[in-house]
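Trainee: I should be grateful for a close look at the nonpolar core of this protein, and for an account of how the remainder of the chain is arranged around that topic.

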Amino acid sequence: MKKSDAPEALLAAAGMEKPMTRNDVTEMIVMARLKTGLTWAKLAKAVGASKEWTTAALLGQMQMTKEQAEAAGKLLGLPEYAVLLLQQVPYKGSLPTAVPTDPLIYRFYELVNVYGTTFKELIHEEFGDGIMSAIDFRMDLTREPDPKGDRVKITMSGKYLQYKTY
């Protein structure tokens with residue numbers, strides 16, 4: 001077999017016409033959740049991480065360890081190649097358009113458009129010239145009962161990173 005034939009031979013052996021992508025795994029996970037009725041919280045418990053991080057990971061935005069990917073894969077009935085893809089460094093930023101079209105996601109875009117300069121000014125006033133990390137980051141999403149209609153409460157905590165002079 002020539003070196004150039006190796007990829008085709010591997011694909012034929014795997015019974016696939018083309019390699020599976022991380023997006024394919026995400027779609028597989030969404031369908032498996034629908035079929036099994038598993039919640040993100042139950043998956044997170046099995047993975048050993050927060051529901052927010054686990055959801056992001058299973059939707060293709062975070063890299064899982066082997067143990068985490070295997071735990072999720074077992075509950076969701078994922079094939080071995082999907083479990084392997086959960087362990088790869090993902091291409092972050094999964095929105096298909098620059099301006100989101102999904103109404104819920106658009107509200108976050110709108111929130112940043114309206115309050116982004118406020119966030120920036122208040123963070124700079126409190127901390128100085130720097131940024132809030134999205135890498136060293138925690139998030140918690142909860143339901144907040146309210147007589148006028150339940151509210152969504154999102155707490156975000158990112159490490160402050162000061163710009164350096166050099």
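Mentor: The answer begins with the model itself, turns to the core, and then moves to the surface and the charged pairs.

The structure is a predicted model, in which local features need pLDDT of at least 70 and side-chain atom pairs count only at pLDDT 80 or more, while totals for chains, interfaces and linings use all residues. Residues are numbered from 1 along each chain as its sequence is written, and side-chain values use heavy atoms, with hydrogens and water left out.

The protein contains seven helices and two strands, and these elements run α-α-α-α-α-α-α-β-β from the N terminus. Helices (H or I, at least four residues) and strands (E, at least two) are DSSP runs, numbered from the N terminus. Of the 166 residues, 20% count as buried; buried means under 20% relative accessible area, exposed over 50%, and partly exposed in between (1.4 Å probe, protein chains only).

The largest nonpolar core has 18 residues. Such a core is a set of buried Ala, Val, Leu, Ile, Met, Phe, Trp, Tyr and Cys residues joined through side-chain atoms within 4.5 Å. Ile29, Leu58, Met64, Leu76, Leu78 and Leu86 touch the most other members. At least two core residues come from each of helix H2 (22-36), helix H3 (40-47), helix H4 (51-58), helix H5 (66-76) and helix H6 (80-86). In soluble globular proteins, nonpolar side chains tend to be buried together. Isoleucine 29 illustrates the core in detail: apart from neighbours within four places in sequence, its contacts (heavy atoms within 4.5 Å) are Arg22, Trp40, Leu58, Leu76, Leu78 and Leu86.

Two of the helices that supply the core also carry residues open to solvent calculations. Lysine 45 belongs to helix H3 and is exposed, because its relative accessible area is 73%. Its C-alpha atom is 9.7 Å from that of alanine 71, although the two residues are 26 apart along the chain. In helix H5, lysine 66 and glutamate 70 form a salt bridge (3.3 Å, N to O), the term denoting a side-chain nitrogen of Lys or Arg within 4 Å of a carboxyl oxygen of Asp or Glu. These partners are four residues apart, and therefore separated by about one helical turn. Lysine 66 is partly exposed at 47% relative accessibility, as is glutamate 70 at 39%.

The search of the whole structure finds four salt bridges. Among them is the pair of arginine 143 and aspartate 150, with the closest N and O atoms 2.9 Å apart. Arginine 143 is exposed at 65%, whereas aspartate 150 is partly exposed at 45%.

Nonpolar residues also occur at the surface. Leu95, Leu104, Ile105, Phe108, Met132, Met139, Leu141, Val152, Ile154 and Met156 make a nonpolar patch of about 900 Å². Helix H7 (103-127), strand E1 (130-144) and strand E2 (151-162) each give two or more residues to this patch. Leucine 95 lies in the loop between H6 and H7 and is partly exposed, with a relative accessible area of 45%.

Serine 133, in strand E1, is buried at 6% relative accessibility. Its side chain reaches the backbone nitrogen of aspartate 136 at 2.8 Å. Beyond residues up to four places away in sequence, serine 133 touches Gly158, Lys159 and Leu161.

Methods
Patch = residues over 30% accessible without salt bridge, like charges linked within 9 Å, V, L, I, M, F, W, Y side chains within 5 Å. Areas by Shrake-Rupley, 256 points an atom, 1.4 Å probe, with all protein chains shown as cover. Polar contact = N/O pair within 3.5 Å; in protein donor to acceptor, adjacent residues only side chain to side chain.
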